[in-house]
Amino acid sequence: GTPGADFKNNGGKYIRNLSAPNQAILTELIQWIVTENINLNDLSLDILDESLLLLRYLRANNFNVKKTKKHIVTNIEWRKSQNIPELMKQNPEDILGCKLADLVGFFPHWHSGYDKTGRPLLFKQQGAFDIKEIKKLCGGNFESMLRYHIWEQEVASRLCYEQSLKTRTIIETVTVVLDVKGLTLSSISSDFRAMMNGIIKMDQDMYPETLGKILIINAPSVFPMIFGLLKPLLDPITAAKINIKGTDHKALLDSSIGLEFLPENYCGTLPPLTSAVHPYAEAMVLLGEGDLVAAVAAELAQVKVAAVPDTTAEGDETVFKCATGELTPTDTEGSQTPLPEPSPAAAPARDFIY
């Protein structure tokens, strides 16, 4: 993933100090892209710099050109089969086929600002994940949830892109906080494993080198057994990015993210994440769907998530809180417009710093 503030000892695999052998490999790959007339817009909707995109695939394949070429071709075919551009013109409820408020009730999750390195910060209360109810919402299968996860990954890519332009720092990866409070062995049903297998495989294969780190917190005493069931699904690179803590996680969150970037109910100083917080308020505005943020406020205000106390004031159906403030219909200029094109880069990516 992106080294961020910890950029060092990277083995010459990143654009800032790419080793001579790896530069030669990158050049060879670029020449192949040109010769085969491959459109890299079919590989990503948000390209900060083509070399950065190609280096992600090279790192994922240990700079093996043959494997990288196959990986790129496979992913382009997959993205075309999923019709990603059209998917991103839909809102989450259209993709899910259910109310977002209903999903949040069984799976609390949010994008909540950025960590100290600039990475988008995602929170997922995996311990509250109710696989039986989610399966009912999805009509008896998990296809819509997997499609929603594609939407989430594309949103994360857009957030990284925009944050790179804003901070003039190369941001390619996300930080994920997994809250597993309440997770039990009985939670790991065959349906749970099947769904997690689909998500993990998608993330590792179709979105390579986009994970910065995963911080698993509130791990119960039984969690080592649970993790042992899931770890075989992870490749070694992903597994190495995971840190696990119990309830004594404040120091980990502070050192990895920064308390000033965390919500109140996760040891920080920002407004708490509650059941009335839209999972992707900032992203919805960014994608031109800001009107929907306000539209579902009342529905989400009725959702009660046991793991997070609801401190939202009652009676205001036009305001939808996000981690860094509030969004109202007047804040969503351009909310009726279709998915906007990414903002033009202010300077070539090589002028950015990690």
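Buried means under 20% relative accessible area, exposed over 50%, and partly exposed in between, with a 1.4 Å probe and protein chains only. The model is predicted, so local features need pLDDT of at least 70 and side-chain atom pairs count only at pLDDT 80 or more, while totals for chains, interfaces and linings use all residues. Residues are numbered from 1 along each chain as its sequence is written, and side-chain values use heavy atoms, with hydrogens and water left out.

**View A. Cysteines 98 and 160.** Cysteine 160 is buried, at a relative accessible area of 4%; for cysteine 98, likewise buried, the value is 12%. The structure holds zero disulfides, a disulfide being a pair of cysteine sulfur atoms within 2.5 Å. From cysteine 98, the nearest cysteine sulfur belongs to cysteine 138 and is 6.2 Å away.

**View B. The largest nonpolar core.** A nonpolar core is a set of buried Ala, Val, Leu, Ile, Met, Phe, Trp, Tyr and Cys residues joined through side-chain atoms within 4.5 Å. Among the 55 residues of the largest one, Tyr148 and Trp151 touch the most other members. Helix 8 (residues 143–167) contributes the most, with eight residues; helices (H or I, at least four residues) and strands (E, at least two) are DSSP runs, numbered from the N terminus.

**View C. Strand 3 and its neighbours.** Six of the six residues of strand 3 (residues 174–179) are buried, so this strand is largely enclosed by the rest of the structure. Val174, Val176 and Leu178 point one way, and Thr175, Val177 and Asp179 the other. Strand 3 pairs in the parallel sense with strand 2 (residues 120–124) over four bridges and with strand 4 (residues 211–217) over six; pairing requires at least two DSSP bridges.
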